[in-house]
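User: I'm in my first year and I'd like a close look at one part of this model. Please pick a single piece and walk me through what's around it.

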Amino acid sequence: PATVSYALARRPDPAVEAIAYFCASELVNNAVKHSGGTAIEITVAGQDDDALLLSVTDNGHGGAAISRRTAAGTRTGLAGLQERIGSVDGRLDIDSPAGGPTRISVELPLSSKA
């Protein structure tokens, strides 16, 4: 099961909103596929009226990392998310110790520079 909480003073620009949606979708998908957890929490909140903070937390076994590679030697999807987030000067933070839980946070400006 997943829970969602949302509190933003204003809607982000369409480009930022699309990136936030893509990130939430990909992070939930990753948690379901890889975490071994039984619950997911999604939080979207405003920060200082000019930033969006998205976090996805699961109660799984941890170990998520940007540089992690699959058994086939390919990079995980987190590197791709980091690139997409960086395109609007956003930031990705991962807190995923062995044994869990995993919390991945995405900070995006509410307005894109494009």
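Analyst: Let's start with E3 and its partner E5 (residues 102–109): these two strands pair in the antiparallel sense over eight bridges. A strand here is a DSSP run labelled E of at least two residues, while a helix is a run of H or I with at least four, and both are numbered from the N terminus. Two strands count as paired if DSSP finds at least two bridges between them.

A quick word on the ground rules. This is a predicted model, so local features need pLDDT of at least 70 and side-chain atom pairs need 80 or more, while totals for chains, interfaces and linings use all residues. Residues are numbered from 1 along each chain as its sequence is written, and side-chain values use heavy atoms, with hydrogens and water left out.

Back to E3, which covers residues 51–58. Along its pairing with E5, Ala51 has Pro109 as its bridge partner, and Leu53 stands opposite Glu107. On to another partner: E2 (residues 40–47) also runs antiparallel to E3, joined to it by eight bridges. One of the matched pairs there is Ile42 with Val56. E2 and E3 make a hairpin with three residues between them, and Asp48 in that turn has a positive phi of about 55°.

How covered up is E3? Mostly: six of its eight residues are buried, meaning under 20% relative accessible area (over 50% is exposed, in between is partly exposed; 1.4 Å probe, protein chains only). E5 also has six of its eight residues buried, so the rest of the structure largely encloses E5. E5 has a hairpin of its own with E4, with six residues between the two strands and Gly99 in the turn at a positive phi of about 95°.

E3 also helps line a pocket. Strand E1 (2–7), helix H1 (14–35), E2 and E3 each supply at least two residues to the lining of the second largest pocket. A pocket is an open set of points on a 1 Å grid over the protein atoms alone, where a 1.4 Å probe fits, with protein on both sides within 12 Å along at least five of seven lines; lining residues have an atom within 4 Å of a point. This one has 13 lining residues, with Tyr6, Ala20, Tyr21, Ala24 and Val44 nearest its centre. H1 gives the most, four residues.
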